[in-house]
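Trainee: Pick one part of this model and take me through it up close, please. I'd like the side chains and how they sit relative to one another.

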Amino acid sequence: MDAGKEKEVEVQDELADSLNDLFTSVSTMVKGELQGTNNLLELLEKMNLRVAEEYNGFGDVASGLRVFVEQLKSKSSNFDEYVEQIDTIEQQVTEFEAIVSMLDQYVSTLESKVQSVYQHPSS
């Protein structure tokens, strides 16, 4: 019976060693999976931080563009005054040209009459 017990203890020891190896392997595998997941999460966190930095930069650019557009609007409104003045001057010049043309015709008519009177003096 002594040999049977020894064999039984030896089988139990082998089984315990096998189970211990199995649990160690499973534990190592789970640790590896968890480390991989942890690495992915760290990478995702770094990517999120980088994207946040980019969006902060875009916010600064957008703010600068908004200020630039407001300045352009202000300048544009100043130019609107000048455009109105130019339109008024253009209208006045057109009217002035029409008056000059009428005066030119009137002077031509007077010149013709004066020449006619000098050529045919009535005595």
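Mentor: Let's start with the acids: Glu6, Glu10, Asp13, Glu14, Asp17 and Asp21 gather in a patch of negative charge on the surface. A patch takes residues with over 30% relative accessible area and no salt bridge, joining like charges within 9 Å and nonpolar side chains (Val, Leu, Ile, Met, Phe, Trp, Tyr) within 5 Å. Asp and Glu count as negative, Lys and Arg as positive, while His and the chain ends are left out; each charge is placed at NZ of Lys, CZ of Arg, CG of Asp or CD of Glu. Areas are Shrake-Rupley values with a 1.4 Å probe, and for residues only the protein chains shown count as cover.

Keep in mind that this is a predicted model, where local features need pLDDT of at least 70 and side-chain atom pairs pLDDT 80 or more, though totals for chains, interfaces and linings use all residues. Numbering runs from 1 along each chain as its sequence is written, and side-chain values use heavy atoms, without hydrogens or water.

Glu6 sits in helix α1, residues 2–119 (helices are DSSP runs of H or I with at least four residues, strands E runs of at least two, numbered from the N terminus). At 54% relative accessible area, Glu6 is exposed (over 50%; buried is under 20%, partly exposed in between, with a 1.4 Å probe and protein chains only).

Now for the salt bridges, meaning a side-chain nitrogen of Lys or Arg within 4 Å of a carboxyl oxygen of Asp or Glu. The whole structure has 3 of them. Arg50, Glu53 and Glu54 are linked in a network: Arg50 reaches Glu53 with the closest N and O atoms 3.6 Å apart, and Glu54 at 3.1 Å, N to O. Glu53 is 3 residues from Arg50 in helix α1, so about one helical turn separates them; Glu54 is 4 residues from Arg50, again about one turn. Arg50 is partly exposed at 46%, as is Glu54 at 33%. Arg66 and Glu70 also form a salt bridge, 3.3 Å from N to O, and they lie 4 residues apart in helix α1.

One more contact: there is 1 aromatic pair. Tyr55 and Phe58 meet edge-to-face, 6.1 Å centre to centre with 75° between the planes (Phe, Tyr and Trp rings, the six-membered one for Trp, pair with centres within 6.5 Å; under 30 degrees is stacked, over 60 edge-to-face, the rest tilted). Tyr55 is exposed, at 57%.
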